[in-house]
Amino acid sequence: LLLATLTYDTLRFEYEDFPETKEPVWILGRKYSVFTEKEEILLDVTSRLWFTYRKNFPAIGGTGPTSDTGWGCMLRCGQMIFAQALVCRHLGRDWRWIKGKRQMDNYFNVLNAFIDKKDSYYSIHQIAQMGVGEGKSIGQWYGPNTVAQVLKKLATFDTWSSLAVHIAMDNTVVMEEIRRLCQSNFPCAGAAACPAVESDVLYNGYPEEAGVRDRLSLWKPLVLLIPLRLGLTEINEAYIETLKHCFMMPQSLGVIGGKPNSAHYFIGYVGEELIYLDPHTTQPAVEPNDSGCLPDESFHCQHPPCRMSIAELDPSIAVGFFCNTEEDFNDWCQQIKKLSLVRGALPMFELVERQPSHFSNPDVLNLTP
């Protein structure tokens, strides 16, 4: 447990800076040079929402834990990959967080959806309690697939984001299923990410014209999560090039995984190292201040990010992608098809147009003509 709660102050000396290398740095679909764009790299990393262990939040379920130290790292990683989807959805991939700069309402809407309280859509409270339905008791460690399944259930209540969440099982992505899901044109409610109270209007405002635009849309923004196992006890080297290519795609949400019982949120790579945000530091829970503003600095990692060898990655991961439009999804499909042609890159999953016949219920009695 001691190892699991190392703080960034402990780690920052080991991971003080990026290596001086000609290798490109890839962060969630963006390519950078260490020599000419180091500030841009760090700004991109700092702008990701960083969720860590917290303490002294309201008890989960009213009588449960008031801290997730030691057990909540995969839940926090799930929050981070989903928060990146909401950032892309409401703020755009080019959005940047700058310390001290006034942020727009939608930024606080996104952040409020993850705050440690029972009525936030994707709070540690909601994830832990929804996990009970997945066979996990409160305070029990999750795997990547469990947290993906829980987030999918919670997203149905987030009418503001109106996401189509698809979890591709059995290493197979079925394009027909995704199109059916994303083209089910349910109207958006246009509600804010969190129930607004009078003093919170600044942070929970929602532009009416956006709701109208979404209602007219024929494609619900897609969050695609693909739980995978890339080996038995360690990652099969044949998958490494494919995994790297996932971080190059503009649709990339990154990867959740890590080492046994120690989860990380991987946002990119340089050379043979993965770049990640680490939830294993305990911070106090955050409450709005007297003026109703939510102090947000602790939700952004302002140190250089951690790195680890790709070969050290636990083989159980979940890869995430965000397709805001149907064109984004079609482009992603084309990239995956091209990836299967890359020499030395073993596909991590299969992309098919329709459900394979072996997935269907067999017609044992052969009653159909």
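Two strands are treated as paired if DSSP finds at least two bridges between them, and in this predicted model strands β6 and β12 are joined by eight bridges and run antiparallel. Within that pairing, V223 has F322 in β12 as its bridge partner. Strand β6, which spans residues 222-229, is also joined to strand β4 (residues 164-167), here by four bridges and in a parallel arrangement, with A164 having L222 of β6 as its bridge partner. Strand β6 is mostly covered, seven of its eight residues being buried.

**Overall composition**

The chain contains 11 helices and 13 strands. Of its 369 residues, 53% count as buried, and the surface that the chain exposes comes to about 16,900 Å², of which carbon and sulfur atoms supply 53%. Among contacts with a separation of 6 or more, 74% are between residues 24 or more positions apart.

**Nonpolar cores**

The largest nonpolar core comprises 69 residues, and the residues with the most contacts inside it are V25, L49, F82, F114, Y122, V223 and Y265. Helix α3 (residues 73-90) supplies the largest share of this core, namely 12 residues. Apart from this core lies another one, of 41 residues, which includes A164, L222, I226 and V319. The bridge partners A164 and L222 are thus both named in the core of 41 residues, whereas V223, the partner of F322, is listed for the core of 69 residues.

Once neighbours within four places in sequence are left aside, V25 is in contact with F18, R30, K31, Y32, V34, I41, Y269, V270 and I275.

Helix α4, covering residues 105-112, is mostly covered as well, with seven of its eight residues buried; these are N106, Y107, F108, N109, V110, L111 and N112.

**Salt bridges**

Side chains of opposite charge can pair when their charged atoms come close. With a cut-off of 4 Å between a side-chain nitrogen of Lys or Arg and a carboxyl oxygen of Asp or Glu, the count comes to 16 salt bridges. Three of them are set out below.

| Salt bridge | N to O distance | Relative accessibility, basic residue | Relative accessibility, acidic residue |
|---|---|---|---|
| R354 and E176 | 3.5 Å | R354, 55% | E176, 31% |
| K244 and E272 | 2.7 Å | K244, 7% | E272, 49% |
| K259 and E312 | 3.4 Å | K259, 36% | E312, 44% |

The closest N and O atoms of R354 and E176 are 3.5 Å apart. R354 lies in the segment after β13 (350-352) and E176 in helix α7 (residues 175-182), so this salt bridge ties together parts that are 178 residues apart in sequence. R354 counts as exposed because its relative accessibility is 55%, while E176, at 31%, counts as partly exposed.

In the second pair, the side chains of K244 and E272 meet at 2.7 Å, N to O. K244 belongs to helix α10 (residues 240-248) and E272 to the loop between β8 (262-270) and β9 (273-277), so the parts tied together are 28 residues apart in sequence. Here K244 is buried, with a relative accessibility of 7%, whereas E272 is partly exposed at 49%.

The third pair, K259 and E312, has its closest N and O atoms 3.4 Å apart. It links distant parts of the chain, with K259 in strand β7 (residues 252-259) and E312 in the loop between β11 (306-309) and β12 (316-323), 53 residues apart. Both partners count as partly exposed, K259 at 36% relative accessibility and E312 at 44%. Elsewhere, D44, R48, R93 and R96 are joined into one network by salt bridges that share partners.

**A buried polar residue in a loop**

Q251 lies in the loop between α10 and β7. The residue counts as buried because its relative accessibility, 4%, falls under the 20% limit. The side chain of Q251 is joined to that of D331 by a polar contact of 2.9 Å. Not counting residues up to four places away in sequence, Q251 touches G320, F321, F322, C323, D328, D331, W332 and Q335. F322, one of these contacts, is also the residue of β12 that serves as bridge partner of V223, and in this way the surroundings of Q251 lead back to the antiparallel pairing of β6 and β12.

Conventions
Residues numbered from 1 in each chain as written. Predicted model: local features only at pLDDT ≥ 70, side-chain atom pairs only at ≥ 80, totals over all residues. Heavy atoms only, no water. Core = buried A, V, L, I, M, F, W, Y, C linked by side-chain atoms within 4.5 Å. Buried < 20%, exposed > 50% of the residue type's maximum accessible area, 1.4 Å probe, protein only. Helix = DSSP H or I, 4+ residues; strand = E, 2+ residues; numbered from the N terminus. Contact = heavy atoms within 4.5 Å. Polar contact = N/O pair within 3.5 Å; in protein donor to acceptor, adjacent residues only side chain to side chain. Areas by Shrake-Rupley, 256 points an atom, 1.4 Å probe, with all protein chains shown as cover.
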